[in-house]
Structures are given as structure tokens and as C-alpha cells.
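Here's a walk through one protein model, taken a feature at a time. Keep the structure open beside you and click along as you read.

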Amino acid sequence: MTRPEYAKQLFYDGYACSQAIVLAFSDLLNMDKEQLKKISLPFGGGIGRLRLTCGAFSGMLMVVSLLFSNYEDVEENKIKTYEIVQELAKRFEEVHTTLSCEKILELAQIDIQIGGSPEARTDEYYRKRPCGKIVYQAAEILEKYLIEKKIIK
């Protein structure tokens with residue numbers, strides 16, 4: 001199974017979009033999977049169902065931060081990290097036109113609810129939402145970037 005397929009499967013298994021991305025790349029990260037699940041959970045639903053930044057995109061950023069951050073030089077680390085974020089944002093927006101969870105759902109003509117509890121993960125939920133596809137595409141974008149940077153083959 002490819003990383004994008006695995007990320008999509010994790011989303012369909014009930015994980016938040018942010019968790020699905022982070023867990024699909026967890027073999028590259030120097031962190032326990034349980035810790036990764038915990039730290040990535042709040043970013044699902046556009047950050048806790050506030051419909052802000054897409055959780056799949058946030059998951060991408062968590063992965064690259066864990067892979068590329070080096071705190072020997074704090075200022076240099078910020079510069080390099082922000083360059084990576086900006087590049088990945090450009091690539092994500094080329095596919096989805098926006099980083100906003102709310103706008104992505106609006107484009108898919110989904111009735112948007114901000115806040116509250118997550119919806120039950122039913123067949124109907126998965127049929128109407130673009131999130132599984134977005135998680136897959138986010139994992140593809142990230143994988144391609146990591147291949148370019150020779151982190152993975």
C-alpha cells in the first residue's frame with residue numbers, strides 16, 4: 001500500500017485528516033505513534049472543527065517540521081522551515097485552490113458546521129465529503145516533496 005493510500009485508509013478508519021497524514025509518514029519520524037496521534041488530533045476539521053486551515057495540510061507541516069527542523073540555529077531554522085511551508089502551501093493550493101477547510105468544503109457544496117462535536121463517520125458522511133480524496137492528495141504532495149529532497153526513494 002502506498003503512503004497516500006495508507007493515509008486515505010487511516011482517514012476512513014476514523015482518524016482525523018491531520019492524524020492520517022502524520023501516521024502515514026510515521027516510519028520516518030523519531031516519535032512514538034501514540035504521541036503522534038495525540039499531537040496531531042487537534043488539527044483535524046480545520047483545527048478542532050473551526051474550519052480554519054485544512055487538517056491534511058496541517059499534518060503535512062507536522063511531518064516536515066519533525067524531519068527538517070534543527071534547533072542549533074533558531075533563526076536559520078525558522079527561515080528554512082517557513083520556506084518549506086510556503087512551497088508546500090503553493091503545491092497544495094495548486095490542487096485545492098485554498099488552504100481553508102471551510103472553503104474546501106464549500107467548494108464541495110457541503111453544509112458547513114463550525115465547532116461542536118465531530119459528525120458520526122457513516123457511509124453517508126464519507127460519500128458526501130471530499131476529505132478522503134484530499135488526504136490522499138496531500139500525502140501525494142508530501143511524498144513527492146520528500147522524494148525531491150531525497151528523504152525517501
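## A salt bridge between two helices

Let's start with Glu148 and Arg91, whose side chains come together in a salt bridge with an N to O distance of 2.7 Å. This pair ties together distant parts of the chain: Glu148 belongs to helix 9 and Arg91 to helix 6, and their positions lie 57 residues apart in the numbering. Keep in mind as you look that this is a predicted model.

How buried or exposed are the two partners? Glu148 has 39% relative accessibility and so counts as partly exposed. Arg91, on the other hand, counts as buried because its relative accessibility is 17%, and the cut-off for buried is under 20%. The pair isn't on its own, either: Glu87, Arg91 and Glu148 are joined into one network by salt bridges that share partners.

## More salt bridges along helix 6

How many salt bridges turn up in a search of the whole structure? The count is 9. Two of them are worth a look in helix 6, which covers residues 74-96.

In one, Lys78 meets Glu75, side chain to side chain, at 3.7 Å from N to O. These two sit 3 residues apart in helix 6, so about one helical turn separates them. Both are open to the outside to some degree: Lys78 is partly exposed at 35% relative accessibility, and Glu75 is partly exposed at 47%.

In the other, Glu76 pairs with Lys80, and their closest N and O atoms are again 3.7 Å apart. Here the spacing is 4 residues, about one turn of helix 6. Glu76 is partly exposed with a relative accessible area of 34%, and Lys80 is partly exposed with 47%.

## The largest pocket

Now for the hollow part. The largest pocket has a volume of about 410 Å³. Its lining is made up of 28 residues, and the ones closest to the centre are Ala16, Gly44, Gly45, Arg121 and Tyr125.

Which helices supply at least two residues each to that lining? They are helix 2 (17-24), helix 4 (44-47), helix 5 (55-68), helix 7 (101-107) and helix 9 (131-148). As for chemistry, the lining of the largest pocket splits into 15 nonpolar, 8 polar and 5 charged residues.

## A nonpolar patch and the loop after helix 4

Over on the surface, Phe43, Ile47, Leu50, Leu52 and Ile114 make up a nonpolar patch, and together they have about 410 Å² of accessible area. One member, Leu52, is found in the loop between helix 4 and helix 5. Leu52 has a relative accessible area of 46%, so it is partly exposed.

Arg49 is in the loop between helix 4 and helix 5 as well. What is the phi of Arg49? The value is about 65°, which is positive even though Arg49 is not a glycine. Arg49 is buried, with a relative accessible area of 7%.

## Thr97, another positive phi

Thr97 also has a positive phi, near 65°, and is a residue other than glycine. Its place is the loop between helix 6 and helix 7. Is Thr97 buried or exposed? With 59% relative accessibility, Thr97 counts as exposed.

## Two lysines and their distances

Two lysines round off the tour. Lys38 sits in helix 3, residues 33-40, and is exposed, with a relative accessible area of 59%. Along the chain, Lys38 is 19 residues from Gln19, and their C-alpha atoms are separated by 8.4 Å.

Lys8 is part of helix 1, residues 3-12. Its relative accessibility is 31%, so Lys8 counts as partly exposed. If you measure across from Lys8 to Glu124, you should get 17 Å from C-alpha to C-alpha, for a pair that is 116 residues apart in sequence.

Note on methods:
Residues numbered from 1 in each chain as written. Predicted model: local features only at pLDDT ≥ 70, side-chain atom pairs only at ≥ 80, totals over all residues. Heavy atoms only, no water. 1 Å grid on protein atoms, 1.4 Å probe; cavity = no way out; pocket = protein on both sides within 12 Å on 5 of 7 lines; lining within 4 Å. Points joined across faces, edges and corners; volume = space filled by probe spheres on them. Nonpolar A, V, L, I, M, F, W, Y, C, P; charged D, E, K, R; others polar. Salt bridge = Lys/Arg side-chain N within 4 Å of Asp/Glu carboxyl O. Buried < 20%, exposed > 50% of the residue type's maximum accessible area, 1.4 Å probe, protein only. Patch = residues over 30% accessible without salt bridge, like charges linked within 9 Å, V, L, I, M, F, W, Y side chains within 5 Å. Areas by Shrake-Rupley, 256 points an atom, 1.4 Å probe, with all protein chains shown as cover.
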